[in-house]
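Me: I am new to this structure and would like to understand how its descriptions are reached. Could you take me through the reasoning step by step?

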Amino acid sequence: MIKNKNEESNILVVGLSGSLREGSYTSMAVKIALEAAQEAGVQTDFIDLNKYSLVFCDGRREESTYPEDVFKLKRKVSSAQGIILGTPEYHGGLSGVLKNAVDLMGFDEFEGKMIGLIGVSGGSMGAANALISLRNIGRALHAWIIPEQVSIGEAWKLFDETGEIKDNKLNQRVKEVGRQVARFAYLHTSEQTKEFLSAWEGAPKNPGG
Ligand SMILES: Cc1cc2nc3c(=O)[nH]c(=O)nc-3n(C[C@H](O)[C@H](O)[C@H](O)COP(=O)(O)O)c2cc1C
């Protein structure tokens, strides 16, 4: 437990789901992980990308011309110390929705942050490809991607109507991603870690990609 229940934590963990589908299992799983993070003592916020009018990232030089919702998203993610990224496996990779949202952001939102990963698939092979890609993306953004991750294969079998996971072991694994992001985000705020982080963030920008 990071704080006792009467203390307000100043650590924020946000969750993003790469599925906009109503009844998305990815969104359900991200919310379960966020609940566990909250139980561990941090503040949490599920960022519902359905509520943001985003555009495709086109690499424009003048980013200020992007719509306001792009900046709303950037502000929200910037304010977090931990981020849970959930994605469905789409054609052997992460969803375009999540990749585009990440592409609209960058180092300002991700560098030095704790990231937890959750992948969901319809097939029995799980979401390993999407998770591997996300881990690479996190590295490119100089984020700390925690080792614990979850791949939820055949998701359609595993959730009940209320959005809970029926299998206790899997449920605990999803929760553990949330707890670990919360714990490590908290640890990153300790004095020694702040000193280390400022040296890390003072390293040359994007050294070697
Ligand atoms: C465009 C698209 C591509 C998909 N590709 C795969 C795939 O490669 N492997 C797989 O197991 N399931 C695949 N699926 C199934 C999804 O992973 C599955 O429906 C999942 O539950 C979607 O996540 P959601 O419930 O959060 O919307 C695909 C679904 C869509 C719509």
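Reply: His142 has 17 C-beta neighbours inside 10 Å, and because a residue is buried at 20 or more and exposed at 12 or fewer, it counts as partly exposed. This is a predicted model, so the values here are computed from predicted coordinates. His142 is placed in the loop between α5 (128–140) and β5, and its phi is near 60°, a positive value in a residue other than glycine.

Me: What makes His91 count as exposed?

Reply: His91 has 9 C-beta neighbours inside 10 Å, and because the limit for an exposed residue is 12 or fewer, His91 counts as exposed. His91 lies in the loop between β3 and α3 (96–104), and it has a positive phi of about 50° although it is not a glycine.

Me: Is Gly153 buried, exposed or partly exposed, and how do you know?

Reply: Gly153 has 18 C-beta neighbours inside 10 Å, which falls between the limits of 12 and 20, and therefore Gly153 counts as partly exposed. Gly153 is found in the loop between β5 and α6.

Me: How do you know which residues Gly153 is in contact with, leaving aside its neighbours within four places in sequence?

Reply: The test is whether the C-beta atoms of two residues lie within 7 Å, and, with neighbours within four places in sequence left aside, Gly153 is in contact with Ser121, Gly123, Ser124, Met125 and Gly126. For Gly153 and Ser121, the C-alpha atoms are 4.9 Å apart in space, while the two residues are 32 apart in sequence.

Me: Why is the protein called as compact as a globular protein of its length?

Reply: The protein has seven helices and five strands, and read along the sequence it follows the pattern β-α-β-α-β-α-α-β-α-β-α-α. Its radius of gyration is 17 Å, close to the 17 Å that the globule rule gives for 209 residues, so the protein is as compact as a globular protein of that length. Taken along the principal axes, its C-alpha atoms fill a box of roughly 45 × 45 × 30 Å.

Me: What share of the protein counts as buried, and what share of its contacts with a separation of 6 or more comes from residues 24 or more positions apart?

Reply: Of the 209 residues, 40% count as buried, the requirement being 20 or more other C-beta atoms within 10 Å. Among contacts with a separation of 6 or more, residues 24 or more positions apart account for 78%.

Me: How do you know how the span of helix α1 stands against the expected value?

Reply: Helix α1, residues 25–39, has 15 residues and reaches 21 Å from its first C-alpha to its last, and this is close to the 21 Å expected at 1.5 Å a residue. After α1 comes Gly41, whose phi is positive, near 115°.

Me: What makes α1 mostly covered, and what do its buried residues pack against?

Reply: Twelve of the 15 residues of α1 are buried, and on that count the helix is mostly covered; among them are Tyr25, Met28, Ile32 and Leu34. The buried residues of α1 pack against the strands β1 (12–17), β2 (43–47), β3 (82–88), β4 (114–120) and β5 (144–152), and also against α6 (168–187).

Me: What makes β4 mostly covered, and which way do its residues point?

Reply: Seven of the seven residues of β4 are buried, and on that count the strand is mostly covered. Met114, Gly116, Ile118 and Val120 point one way from β4, whereas Ile115, Leu117 and Gly119 point the other way, and all of these are buried.

Me: How do you know which strands pair with β4?

Reply: Pairing requires at least two bridges between two strands. Seven bridges join β3 to β4, which run parallel, and Gly82 stands opposite Met114 in β4. With β5, β4 pairs in the parallel sense over six bridges, and the bridge partner of Val120 in β5 is Ile152.

Me: How many bridges support the pairing of β1 and β2?

Reply: β1 and β2 pair in the parallel sense over five bridges, where at least two are required. Leu16 stands opposite Ile47 in β2, and β1 is mostly covered, with five of its six residues buried.

Conventions
Residues numbered from 1 in each chain as written. Predicted model: local features only at pLDDT ≥ 70, side-chain atom pairs only at ≥ 80, totals over all residues. Helix = DSSP H or I, 4+ residues; strand = E, 2+ residues; numbered from the N terminus. Rg over C-alpha atoms; globule rule 2.2 N^0.38 Å. Expected span 1.5 Å × (residues − 1).
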